[in-house]
Amino acid sequence: MIRLVATDLDGTLVDHNNFISIDNLNATKAIYEKNINLAICTGKTYSISKDICNKCNASYGIFGNGTQIINLETGEEIYSHSLTPSDFS
């Protein structure tokens with residue numbers, strides 16, 4: 001049984017203009033209708049990716065190359081890591 005589908009954004013789910021093809025939109029709709037969680041994985045920030053995540057009914061988002069993970073259904077930040085000044089010393 002499939003419980004989660006994870007996908008990249010750029011060049012996978014969306015094109016270089018952030019356009020989601022009808023085929024990809026239908027695929028995300030089918031995933032949602034089968035009660036399968038969809039995780040959007042991207043190097044982009046959540047603020048940049050938020051609208052696409054909403055269009056796709058994504059359950060989870062992995063943003064900033066893994067520096068932030070959000071449960072998009074509840075808004076809960078599951079994980080966050082930012083560089084600190086000591087990381088540069």
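In the predicted model, the mean positions of the 6 positive and 10 negative charges of the protein lie 7 Å apart. The surface exposed by the protein amounts to about 6,100 Å², and 52% of this area is supplied by carbon and sulfur atoms. Of the 89 residues, 26% count as buried. Along the principal axes, the C-alpha atoms occupy a box of roughly 50 × 30 × 20 Å.

Two helices and five strands make up the secondary structure. Read from the N terminus, the order of these elements is β-α-β-α-β-β-β. When contacts between residues at least 6 apart in sequence are considered, 37% of them join residues at least 24 apart.

The largest nonpolar core comprises 14 residues. Within this core, the members that touch the most other members are Leu 9, Leu 38, Ile 40, Ile 52 and Cys 56. At least two residues of the core come from strand 2 (37–41), and at least two come from helix 2 (46–55). Leu 38 and Ile 40 fall within the range of strand 2, while Ile 52 falls within that of helix 2.

Cys 56 was examined further, with its neighbours within four places in sequence left aside. On that basis, Cys 56 is in contact with Leu 13, Ile 20, Thr 28 and Leu 38. One of these partners, Leu 38, is, like Cys 56, listed among the core residues that touch the most other members.

Terms used:
Residues numbered from 1 in each chain as written. Predicted model: local features only at pLDDT ≥ 70, side-chain atom pairs only at ≥ 80, totals over all residues. Heavy atoms only, no water. Core = buried A, V, L, I, M, F, W, Y, C linked by side-chain atoms within 4.5 Å. Buried < 20%, exposed > 50% of the residue type's maximum accessible area, 1.4 Å probe, protein only. Helix = DSSP H or I, 4+ residues; strand = E, 2+ residues; numbered from the N terminus. Contact = heavy atoms within 4.5 Å. Areas by Shrake-Rupley, 256 points an atom, 1.4 Å probe, with all protein chains shown as cover. Lys, Arg positive; Asp, Glu negative; His and termini not counted. Charge placed at Lys NZ, Arg CZ, Asp CG, Glu CD.
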